[in-house]
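Me: I have a model to go through with you. Please take the questions one by one and keep the answers short.

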Amino acid sequence: MAIVPMPVRPARPRPRDGGFTLLEVLVALVIVGTALGSSLRAVGSLTQNSSDLRASMMATWSAENRLAQIRLAREFPPMGKRAFACPQGELMLVCEEEVLATPNPFFRRVEVSVYEGEIGSRRVIKLSQIVSGS
């Protein structure tokens with residue numbers, strides 16, 4: 001009796017159970033982590049910009065207040081520099097007023113610089129105006 005080999009059938013692929021492989025899960029986690037990190041950086045940047053804008057607005061108010069005070073009192077301030085506290089809300093600002101001569105002796109240039117904290121730290125704003133002595 002001769003042995004006849006049985007025909008070999010190709011193996012059928014097993015159907016997947018519908019789950020995810022570990023590699024697919026890790027790739028998804030990397031993508032989600034990268035997106036979350038980028039969004040956190042963006043939110044931090046927006047917060048910092050908002051804080052800087054608020055400080056700039058408050059510093060502008062402080063400088064404008066001093067220049068308006070000079071105008072309304074019709075002061076002809078003496079030349080030189082002086083510093084004074086000019087807080088706005090919870091911001092501790094320091095103003096530095098510098099009065100400079102102009103080519104016309106009847107006019108002076110007043111520059112008000114506003115700093116965060118103390119003079120020599122970051123200057124937030126600088127405003128100038130011309131005042132007359134008559």
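Me: Which residue in β3 stands opposite Ala101?
Reply: This is a predicted model, where local features need pLDDT of at least 70, side-chain atom pairs count only at pLDDT 80 or more, and totals for chains, interfaces and linings use all residues. Residues are numbered from 1 along each chain as its sequence is written, and side-chain values use heavy atoms, with hydrogens and water left out. Strands are DSSP runs of E, at least two residues, and helices are runs of H or I, at least four, numbered from the N terminus. Opposite Ala101 in β3 stands Arg108.

Me: How many bridges pair β2 with β3?
Reply: Two strands pair if DSSP finds at least two bridges between them. β2 and β3 form a hairpin, with five residues between them. Their pairing is antiparallel, and the bridges number nine.

Me: Which residue of β2 does Lys81 face?
Reply: β1 also pairs with β2, in the antiparallel sense, over six bridges. Within β2, the residue opposite Lys81 is Glu98.

Me: Is Gly80 buried, partly exposed or exposed?
Reply: Gly80 lies in strand β1, residues 80-85. Gly80 touches Glu97, Glu98 and Val99, leaving aside residues up to four places away in sequence; contact means heavy atoms within 4.5 Å. Buried means under 20% relative accessible area, exposed over 50%, and partly exposed in between (1.4 Å probe, protein chains only). At 34% relative accessibility, Gly80 is partly exposed.

Me: Which cysteine does a disulfide join to Cys86?
Reply: A disulfide is a pair of cysteine sulfur atoms within 2.5 Å. By this rule the count is one disulfide. At an S to S distance of 2.0 Å, the partner of Cys86 is Cys95.

Me: What is the handedness of the disulfide between Cys86 and Cys95?
Reply: Cys86 is buried at 9% relative accessible area, and Cys95 is buried at 0%. The torsion about their S-S bond is about 100°, so the disulfide is right-handed.

Me: Which element supplies the largest share of the largest nonpolar core?
Reply: A nonpolar core is a set of buried Ala, Val, Leu, Ile, Met, Phe, Trp, Tyr and Cys residues joined through side-chain atoms within 4.5 Å. The largest one has 16 residues, and those with the most contacts inside it include Cys86, Cys95 and Val110. α1 (22-73), β2 (93-101), β3 (107-116) and β4 (123-132) each supply at least two residues. The largest share, five residues, comes from α1.
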